[in-house]
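Hello,

Here is the structure we talked about. Please load it first, then read the notes below it.

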Amino acid sequence: MSNVFEDLENDIENLSSTSIFKDKEPLDHRYLPDKLVHREDQIRQIAKYWVDVLSDVTPSNVTLYGKTGTGKTAASKFAREQLIEIANKKKVFVKVLHIRCTDFTTEYQVIAEICNKLGRDVPSRGWTKGEVVNAFRDIFKRRNTYGKKLQLIVILDEIDILLDKDGDGILYTLTRTDNVSVLCISNYLDFKNLIKSRVKSSLNDKEIVFPPYGADQLSDILSERAQLSFQDGVLEDDVIPLCSAMAAKEEGDARYALDLLKSAGEIAFDEDCDKVTGEHVRKAKDTIEHNKVIEIISTLPLQQQRVLEAILILTKQDEEISSGKLYDEYKEISKKDAVTYRRIFDFINELELLGIISTNTISRGRGKGRTNIIKLQCDETLLETTLYTI
Ligand SMILES: Nc1ncnc2c1ncn2[C@@H]1O[C@H](COP(=O)(O)OP(=O)(O)OP(=O)(O)O)[C@@H](O)[C@H]1O
Ligand SMILES: [Mg+2]
């Protein structure tokens with residue numbers, strides 16, 4: 001038998017010479033393009049604060065705000081690469097670490113990760129928090145061969161998650177360590193409401209806002225990537241404008257725009273077409289929405305899934321769903337471990353925020369009060385198959 005891997009590799013090579021894609025990597029979320037159009041201002045603002053480090057001065061702390069897919073992670077990584085390039089040239093002793101707070105749940109874990117990245121081994125558990133913090137601070141006491149102490153910039157990406165789970169300890173420790181500057185990245189303008197005033201005052205950050213992209217800006221971003229990813233001439237003229245318009249509606253999310261373009265290409269490829277068309281983009285939109293709903297539903301806590309199941313049953317019975325009726329149905333399903341009526345309201349709010357249901361308060365007429373009417377906002381069959389196959 002010939003080698004299966006070799007056969008597959010040959011197949012892929014043959015396909016790629018005739019296929020839609022030239023190179024899929026630039027359509028991946030993690031790909032960092034060598035220019036970030038429409039983010040020059042924000043990058044320059046980051047640089048304006050970080051430039052101090054080149055004169056061995058610890059830069060101000062910075063916070064980047066913006067909705068999902070507005071280029072915050074990309075801009076911070078871009079600024080990091082540029083700073084490291086010049087710092088190496090000038091032999092300045094600086095490191096910039098990018099920490100995704102989704103990967104670490106506590107202050108201990110974040111500090112341990114930073115220490116490990118800086119070459120100071122710290123176990124992922126077992127030490128006291130004080131011991132880890134001391135190990136971290138010791139790093140800044142050492143000098144390099146030029147007699148310089150390390151200047152460290154820590155990018156805390158998706159910090160909201162850490163603040164929800166572990167409070168603001170991490171910010172306090174980092175901002176109270178000499179030679180350390182932090183760049184926080186948050187989706188919420190009010191993220192500082194989650195931190196105590198003493199931490200806020202030592203953070204004393206400069207804020208940079210990343211507004212959502214408009215359709216024209218998204219078109220520019222996609223055109224750059226399309227040139228690198230698709231064979232020449234395979235995209236029909238309406239493909240990029242359509243992806244951009246759809247993503248502009250989704251709050252200017254560049255990640256979504258790239259996903260649409262990539263899936264449209266994949267669908268065209270699967271259908272053996274030699275062009276990507278607007279129709280492929282529309283199909284891509286359905287596929288992405290479909291997958292998103294499946295992911296949201298299958299990762300919901302059990303009791304919330306039961307609430308959804310109750311909504312599904314009532315929807316199929318063509319019932320108008322009031323909270324009271326929903327609670328009765330939910331109790332039927334959950335039996336003994338049903339949560340209280342009060343909790344159901346929280347669940348309803350959360351499901352509404354996720355866009356799976358909508359609610360509408362109606363008045364029943366004088367003296368009869370107001371009722372919340374709940375409606376399913378996702379496809380019934382999709383919900384049913386997802387709920388009963390997880
Ligand atoms: N101006 C731009 N030029 C080129 N590509 C961009 C630009 N802005 C964003 N992108 C691309 O869009 C995708 C999403 O951007 P990024 O990850 O930086 O968003 P984000 O603001 O960090 O979102 P989130 O809040 O969800 O983490 C990435 O693949 C990124 O490379
Ligand atoms: Mg990000």
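Two strands count as paired if DSSP finds at least two bridges between them. Keep that cut-off in mind for the sheet. Note also that this is a predicted model.

**The sheet**

Strands β7 and β8 (residues 370-376) are joined by seven bridges and run antiparallel. So the pair meets the rule, which asks for at least two bridges. One facing pair to look up is threonine 361, which stands opposite asparagine 372 in β8. The wider sheet is open and has three strands, in the order β6-β8-β7, with antiparallel pairing. Its edges are β6 (321-322) and β7 (357-363), and each of these pairs on one side only.

**Domains**

The domain assignment splits the protein into domain 1 (40-210), domain 2 (214-296) and domain 3 (300-389). By those bounds, β6 at 321-322 and β7 at 357-363 fall in domain 3.

I looked at the interface of domain 1 and domain 2. Their C-alpha centres lie 34 Å apart. Four residues of domain 1 are in contact with five residues of domain 2. Interface size is often given as the accessible area lost when the parts come together. Here the two domains bury about 350 Å² between them, with 37% of it on carbon and sulfur atoms. On the domain 1 side, Lys67, Thr68 and Gly69 lose the most area to domain 2. Together they make up 91% of what that side buries.

What polar links cross this interface? The count is two residue pairs in polar contact, both at pLDDT 80 or more. The rule also finds one salt bridge across the interface of domain 1 and domain 2. By class, the domain 1 side that touches domain 2 has no nonpolar residues, three polar and one charged.

**Salt bridges**

Side chains of opposite charge can pair when their charged atoms come close. How many salt bridges does the structure hold? The total is 19. Two of them deserve a look in your viewer.

- Lysine 67 and glutamate 251 meet through their side chains, at 3.5 Å from N to O. By the domain bounds, lysine 67 belongs to domain 1 and glutamate 251 to domain 2.
- Glutamate 266 pairs with lysine 24, and their closest N and O atoms are 3.0 Å apart. This salt bridge links distant parts of the chain, 242 residues apart. Glutamate 266 is in helix α11 (residues 254-270). Lysine 24 is in the loop between α1 (4-18) and α2 (40-50).

Best wishes

Definitions and conventions:
Residues numbered from 1 in each chain as written. Chains lettered and ligands numbered in written order. Predicted model: local features only at pLDDT ≥ 70, side-chain atom pairs only at ≥ 80, totals over all residues. Heavy atoms only, no water. Domains from an automatic or database assignment. Contact = heavy atoms within 4.5 Å. Buried area = accessible area lost by both parts, 1.4 Å probe. Salt bridge = Lys/Arg side-chain N within 4 Å of Asp/Glu carboxyl O. Polar contact = N/O pair within 3.5 Å; in protein donor to acceptor, adjacent residues only side chain to side chain. Nonpolar A, V, L, I, M, F, W, Y, C, P; charged D, E, K, R; others polar. Helix = DSSP H or I, 4+ residues; strand = E, 2+ residues; numbered from the N terminus.
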